[in-house]
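Dear colleague,

I am writing to hand over the structure that follows. Please look through it first; a short account of what was found in it comes after.

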Amino acid sequence: MSILSVKAVVQACLLFSAVATAVESPNSKYLPLENDITTEGLISNLRSLDAIANANGGNRAFGLPGYKASVDYVVSQVSPLPNAKVWTQDFAAAFSQFKSLSLKVGEKRINISSLQFSPSTSDTGVSAPLVLGPTGTDACSAQGYEDIDAKGKIVLVTRQMCPDQTTFAGVVRAAAAAGAASVIIVNNVPYDIGGGTLGAFGQKEKDKAVPTGLISQADGQAIAAQLRSEKTLTATFQHTQINEQRVTQNVFAETTTGDQNSVIMLGAHLDSVQAGAGINDDGSGVTLLLEIFKSLSKHTTFKNKIRFAWWGAEESGLLGSNFYTRNLKSQSGAEADNILAYLNFDMIARGYFGIFDGSGAVPAYKGPPGSEVLHKLFKDAFTERGINKTVIEKFAGNSDYGSFVGTLKKPSGGLHTGSSPKEDSCYHRKCDDINNVDKEVLTTNALITAKVIAQLAAEGEKLIPRTKLAAVDNVNRYADVPAIELRGQQCGGHVLEV
Ligand SMILES: [Zn+2]
């Protein structure tokens, strides 16, 4: 039997069951999407994603085989469904992967993490005297080095939030301008942040950057103390990595049902970091979208079109969602106008119950007008389930809502369960695998979302104020690469420190 004829049979059966449901509950004005959400369904996709990572070098990261297999998996799950339009979108993005990395201070080996887009040293590395960089924001400017002889040396400097809103690039730029041969950045928080990135600086101004690595706060403080008490200390830093453009994909599926002029979008990123399988971050959002789409595709009686996006290269700086939204803007204003709202699901399987902020609890990080409606729908759905303790998530710019909030200024919302060590000690680490899931939290978030989507499918066009692209400015204040640098210290919009 061909796939097509299987589909026809399934459609016929579903049509029958939709009629049966209508007879059973004639008063319900919302689709019973919640009935289809099961822990088993949610976990089964996560098992598949975990297996994909295991079969592909331990990750599902952009530019690597595990990502391609993840794209194939999502497409294979949604393509056979009835009432589904499925497509992928290619885009090129800057890829970075470290090959070798080591640091020796005196005779002692020090653990060191790589920063994406750092230039490489030679194969033998840089051996030079170690010198302490300036402290505070002096570390962000070449002037801060006036009294420091950094020329040809390896600079040890603490990570800072610099005026350019970066925490790595700003200090590397200053040290390199002062003549440093390479830079060792000391973390400014006591926990592992899984590396970082030199962002746009490392890509677009690579001739101004120098090889850089990141060490822990404890190691950095010990070396700094040693430097202060000894006259000279020599370090050897060796680091090579690939930095190049690679083509990757976003995956989309939307309901064939629903008004194409009123589109509700849901998004989750499909890529992991290179360090691990990315099961909470963000297999959890991926599976939530899959299960809700599977349920929605059974129905043909709702008003608004629902579009699902599985974004590529989020971990490299929200690149997939950025490409999509910018493309909408340049190619067709109407296409962007038709999007009513965007909902983001990035890390939803362990921690607290967080709802993105439409209320303006912290005005600077509030969603655009209309976001308050989405916030309330989620809040009410939690309350109905007896969950009154929810956290307000700031739209701090570190997930794919960035372009929708910043560039398109669309009403936005969604869920997030936190990424500080308290909520997810495996954040961006190898242990973010199939065991890094709280099934109850994941299932609850999926049930809540099913309820909200049923409401938006039925009456989103009445609930959400329509926004026009004409009102949009050209400044993409969230989606620029420095935003990703904030991920290490601002966890999923839940600001720990800046
Ligand atoms: Zn994520």
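**Two helix packings**

In this model, which is predicted, Ser48, Leu49, Ile52 and Ala53 of helix 2 are in contact with Gly66, Ala69, Ser70 and Tyr73 of helix 3. Sorted by character, the residues of this contact comprise five nonpolar, three polar and no charged.

As background, a pair of packed helices is described by the angle between the axes and by the distance separating them. Helix 2 covers residues 39–55 and helix 3 covers residues 65–78; their axes are 9 Å apart, at an angle of about 150 degrees. Angles over 145 degrees count as roughly antiparallel, so helix 2 is roughly antiparallel to helix 3. The crossing of these two helices is right-handed.

The second packing involves helix 10, residues 371–384, and helix 12, residues 439–463. Here the axes come within 10 Å and cross at roughly 140 degrees. How, then, are helix 10 and helix 12 oriented to each other? They are oblique, because their angle of roughly 140 degrees falls outside the ranges that count as roughly parallel, perpendicular or antiparallel. Helix 10 passes helix 12 in a right-handed crossing.

On the side of helix 10, the contact is formed by Val373, Leu377, Phe378, Ala381 and Phe382. Helix 12 contributes Ile448, Lys451, Val452, Gln455 and Leu463. The residues of this contact divide into eight nonpolar, one polar and one charged.

Yours sincerely

Key: Residues are numbered from 1 along each chain as its sequence is written. This is a predicted model: local features need pLDDT of at least 70, side-chain atom pairs count only at pLDDT 80 or more; totals for chains, interfaces and linings use all residues. Axes are lines fitted to C-alpha atoms, for helices over the stretch in contact, and angles run from 0 to 180 degrees between N-to-C directions. Helices (H or I, at least four residues) and strands (E, at least two) are DSSP runs, numbered from the N terminus. Angles under 35 degrees count as roughly parallel, over 145 as roughly antiparallel, 65 to 115 as roughly perpendicular and the rest as oblique. A crossing is left-handed if the near helix is turned anticlockwise from the far one by less than a right angle, and right-handed if clockwise. Two residues are in contact if their C-beta atoms, placed from the backbone, lie within 7 Å. Ala, Val, Leu, Ile, Met, Phe, Trp, Tyr, Cys and Pro count as nonpolar, Asp, Glu, Lys and Arg as charged, and the others, Gly among them, as polar.
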